[in-house]
Amino acid sequence: MSKKEKEEIKEEIKNEEITEQAEAIEIEENKEPTLEDQLSDMKKQLAYTAAEYANFRARSAKEKEATYSNAKGNVVSELLPVIDNLERALEQDGEDFDSLKKGVQMTMDQFKAVLTKIGVEAYGEGGDEFDPNFHNAVMHIEDENYGENVIVEVFQKGYKINDRVIRPAMVKTAN
């Protein structure tokens, strides 16, 4: 047998093996998946979903912490100019009371503007109606000059952001 004939026989055997492998793969692909295969696929899918959920929770926690940290940083950066003005006021030499009072008033106005900018609202004025959700009555008087549940005097203003009370107003009520 010649070398060429041997090569042809080897090639023919190789082609037959490839054909047999292809037929085996085709048979494997066409057969119905067993319950074990389905169960295995479902377990893999469940593990994948659980891992995705764990990653989502971790990512959400990081985003929440970053948002909280950024919000605190933004508030502090708004308050820093007020602190700077108070430091300047304390560094002033001299006994000019009117200038000091004017500087403190300007700083107070700046501080109120900062609070308004970040959404904080002051409330509690004399003559307003008393509401226990927003006011803390620390004194009560009987006076015919005032209506029922009327705020007579405000000892400490209240502050809120939207409808959330940060600090209730401390007030004196009448009747």
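What follows is a chat about the sheets, salt bridges, aromatic pairs and surface of a predicted model.

User: Start with the sheet that has β2 in it. What's the strand order, and is the pairing mixed or not mixed?

Analyst: The order is β2-β6-β3, in an open sheet of 3 strands with mixed pairing. This is a predicted model, to be read as such.

User: Which are the edge strands there?

Analyst: β2, residues 135-141, and β3, residues 150-156, each pairing on one side only. From one strand to the next, the twist averages 30 degrees.

User: How do β2 and β6 pair, parallel or antiparallel?

Analyst: Parallel, over 6 bridges, with β6 covering residues 169-174.

User: What stands opposite Ala 137?

Analyst: Val 171, in β6.

User: OK, the other sheet, the one with β1. Which order?

Analyst: β1-β4-β5, an open sheet of 3 strands with antiparallel pairing. Its edge strands are β1 and β5, the latter spanning 164-167, and each of them pairs on one side only. Neighbouring strands are turned by 35 degrees against each other on average, with direction ignored.

User: How many bridges between β4 and β5?

Analyst: 3, and the two strands run antiparallel. As for individual residues, Tyr 159 has Arg 167 in β5 as its bridge partner.

User: Salt bridges next. How many?

Analyst: The count comes to 3.

User: Take the one with Lys 172. What is its partner?

Analyst: Glu 153, with the closest N and O atoms 3.3 Å apart. Lys 172 is in strand β6 and Glu 153 in strand β3, so the pair ties together parts that are 19 residues apart in sequence.

User: Is Lys 172 buried or exposed?

Analyst: Buried, because its relative accessible area is 15% and the cut-off for buried is under 20%. Glu 153 counts as partly exposed, at 35% relative accessibility.

User: Why would a Lys and a Glu pair up in the first place?

Analyst: In general, side chains of opposite charge can pair when their charged atoms come close.

User: And which residue does Lys 117 bridge to?

Analyst: Glu 78, at 3.4 Å between the closest N and O atoms. Lys 117 belongs to helix α3, residues 97-117, and Glu 78 to helix α2, so parts that are 39 residues apart in sequence are tied together by this pair.

User: How covered are those two? Start with Lys 117: buried or exposed?

Analyst: Lys 117 is exposed, with a relative accessible area of 61%. Glu 78 is partly exposed, at 23% relative accessibility.

User: What does Glu 125 meet in a salt bridge?

Analyst: The side chain of Lys 157, at 3.7 Å, N to O. Both residues are in loops: Lys 157 between β3 and β4 (158-161), Glu 125 between β1 (120-123) and β2, so the pair ties together parts that are 32 residues apart in sequence. Lys 157 is partly exposed at 33% relative accessibility, and Glu 125 is partly exposed at 43%.

User: Switching to rings. How many aromatic pairs in the whole structure?

Analyst: 2 aromatic pairs turn up in the search. One of them is Tyr 123 with Phe 134, an edge-to-face pair with 5.8 Å centre to centre and 85 degrees between the planes.

User: Where do Tyr 123 and Phe 134 sit?

Analyst: Tyr 123 is in strand β1 and Phe 134 in the loop between β1 and β2, 11 residues apart. Tyr 123 is buried, with a relative accessible area of 11%, while Phe 134 is partly exposed at 22%.

User: How far is Phe 134 from Leu 46, C-alpha to C-alpha?

Analyst: 50 Å in space, with their positions 88 residues apart in sequence. Leu 46 has its place in helix α2 and counts as exposed, at 59% relative accessibility.

User: Last topic, the surface. Which residues form the nonpolar patch with about 240 Å² of accessible area?

Analyst: Val 76, Leu 80 and Ile 83; that area is for the three together. Leu 80 lies in helix α2, which covers residues 35-91.

User: How exposed is Leu 80?

Analyst: Leu 80 counts as partly exposed, because its relative accessibility is 41% and partly exposed covers the range between 20% and 50%.

Terms used: Residues numbered from 1 in each chain as written. Predicted model: local features only at pLDDT ≥ 70, side-chain atom pairs only at ≥ 80, totals over all residues. Heavy atoms only, no water. Pairing = 2+ DSSP bridges. Helix = DSSP H or I, 4+ residues; strand = E, 2+ residues; numbered from the N terminus. Axes fitted to C-alpha atoms, helices over the stretch in contact; angles between N-to-C directions. Patch = residues over 30% accessible without salt bridge, like charges linked within 9 Å, V, L, I, M, F, W, Y side chains within 5 Å. Areas by Shrake-Rupley, 256 points an atom, 1.4 Å probe, with all protein chains shown as cover. Salt bridge = Lys/Arg side-chain N within 4 Å of Asp/Glu carboxyl O. Buried < 20%, exposed > 50% of the residue type's maximum accessible area, 1.4 Å probe, protein only. Phe/Tyr/Trp six-rings, centres within 6.5 Å; stacked < 30°, edge-to-face > 60°.
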